[in-house]
Amino acid sequence: DDLKQAKDTLSTVIDASPVAIVCSDTDRRIFLWNKAAERIFGYSAQEAIGQIAREMPPPASPEVVGLMKRALAGEIVRDLHVKRLRKDGTVVDVRAAAAAMYNADGTVRGVARAYEDVTDHIRATEQLRRIAHYDQLTGLPNRLTLQRELGRLLSGDGGPTAIALF
């Protein structure tokens with residue numbers, strides 16, 4: 001009874017998490033896909049469970065290619081920024097983490113991965129950078145950018161002596 005209650009509690013926590021939680025066995029076959037994974041990636045649990053987890057989108061970066069291997073080797077991977085494809089073909093920016101899951105005898109039984117959607121954060125950061133450095137009406141570099149570029153050129157870090165802002 002205690003084991004069933006603990007399992008129900010854990011299941012509720014996993015499904016309530018805003019972070020996508022995806023677990024797969026050593027053959028990369030998915031056996032856990034929470035509600036946040038459905039929302040972030042667009043695939044229902046019924047579509048994902050039993051499928052082989054792939055490194056997407058191709059071509060995957062070197063960090064992403066080895067993510068599963070690194071986790072299976074016992075490394076805990078944290079704060080890896082990667083891009084993934086949603087079911088509809090759009091790209092989502094996620095912060096990923098991965099760790100091996102073990103059997104009672106110490107052998108690896110699979111990998112648990114967590115993905116946090118950071119797409120909106122990245123867009124907002126880029127928009128703030130544009131606002132800080134470019135005129136909103138004309139799109140031309142603003143005074144802050146001019147001062148930074150002029151300072152760089154005057155300090156000798158700038159290569160060509162002409163100011164190429166436009």
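Begin by selecting Arg152 and Glu149, whose side chains form a salt bridge with the closest N and O atoms 2.4 Å apart. The model on display is a predicted one. Both residues belong to helix α7 (residues 143-154), where they stand three residues apart, about one turn of the helix. Residues three or four places apart in an α-helix point the same way, because such a helix has 3.6 residues a turn. Colour the two by accessibility: Arg152 is partly exposed at 32% relative accessibility, whereas Glu149 is buried at 14%. Elsewhere, salt bridges with shared partners connect Asp79, Arg95 and Glu116 in one network.

**Further salt bridges**

A search of the whole structure finds 11 salt bridges. Select Asp117 and Arg86 next; their side chains meet in a salt bridge with an N to O distance of 3.2 Å. This pair links distant parts of the chain, since Asp117 is in strand β5 and Arg86 in the loop between β3 and β4, 31 residues apart. Asp117 is partly exposed at 28% relative accessibility, and Arg86 is partly exposed at 25%.

Move then to helix α6 (residues 119-133), in which Glu126 and Arg130 are four residues apart and therefore separated by about one helical turn. A salt bridge joins Glu126 to Arg130, with 3.6 Å between the closest N and O atoms. Glu126 has a relative accessible area of 30% and is partly exposed; Arg130, at 38%, is also partly exposed.

**The antiparallel strands**

Display strands β3 (residues 77-85) and β4 (residues 91-102), which run antiparallel and are joined by seven bridges. Five residues lie between these two strands in their hairpin, and Gly89 in the turn has a positive phi of about 95°. Continue to strand β5 (residues 108-117), which is antiparallel to β4 and joined to it by nine bridges. The hairpin of β4 and β5 also has five residues between its strands, and there Gly106 takes a positive phi near 95°.

To follow one path across these strands, start at Leu80, which is in strand β3. Leu80 counts as buried at 12% relative accessibility. Its bridge partner in β4 is Ala96. The C-alpha atoms of Leu80 and Ala96 are separated by 5.0 Å, although the residues are 16 apart along the chain. From Ala96, step to Tyr115, the bridge partner of Ala96 in β5.

**The aromatic cluster**

Keep Tyr115 selected and add Trp33 and Phe41: together these three residues form one aromatic cluster. How many aromatic pairs does a search of the whole structure find? The search finds two. In one of them, the rings of Trp33 and Phe41 have their centres 5.8 Å apart and their planes at 45°, so this pair is tilted. Trp33 is buried with a relative accessible area of 12%, and Phe41 is buried with 6%. In the pair of Phe41 and Tyr115, the ring centres are 5.4 Å apart and the planes stand at 90°, so the arrangement is edge-to-face. Here too distant parts of the chain are linked: Phe41 is in helix α2 (residues 35-41) and Tyr115 in strand β5, 74 residues apart. Tyr115, like Phe41, is buried.

**The nonpolar core**

Widen the view to the largest nonpolar core, which has 23 residues; Ala20, Trp33, Phe41 and Tyr115 touch the most other members. Among the elements that each supply at least two residues of this core are β1, β2, α2, α3 (45-48) and α5 (67-72). Select the surroundings of Trp33, leaving aside residues up to four places away in sequence: its contacts include Ile21, Val22, Phe41, Tyr43 and Ala48.

**Two unusual backbone angles**

Most residues other than glycine have a negative phi. Select Arg28, a residue other than glycine whose phi is positive, near 70°. Arg28 sits in the loop between β1 (20-25) and β2 (30-33), and it is partly exposed with a relative accessible area of 33%. Asp79 likewise is not a glycine, yet has a positive phi of about 50°. Asp79 lies in strand β3 and counts as exposed at 58% relative accessibility.

**Last stop: helix α1**

Finish at helix α1 (residues 2-16), whose 15 residues reach 21 Å from the first C-alpha to the last, close to the 21 Å expected at 1.5 Å a residue. Is α1 well covered or hardly covered? It is hardly covered, with one buried residue among its 15.

How values were computed: Residues numbered from 1 in each chain as written. Predicted model: local features only at pLDDT ≥ 70, side-chain atom pairs only at ≥ 80, totals over all residues. Heavy atoms only, no water. Pairing = 2+ DSSP bridges. Phe/Tyr/Trp six-rings, centres within 6.5 Å; stacked < 30°, edge-to-face > 60°. Buried < 20%, exposed > 50% of the residue type's maximum accessible area, 1.4 Å probe, protein only. Core = buried A, V, L, I, M, F, W, Y, C linked by side-chain atoms within 4.5 Å. Contact = heavy atoms within 4.5 Å. Expected span 1.5 Å × (residues − 1). Salt bridge = Lys/Arg side-chain N within 4 Å of Asp/Glu carboxyl O.
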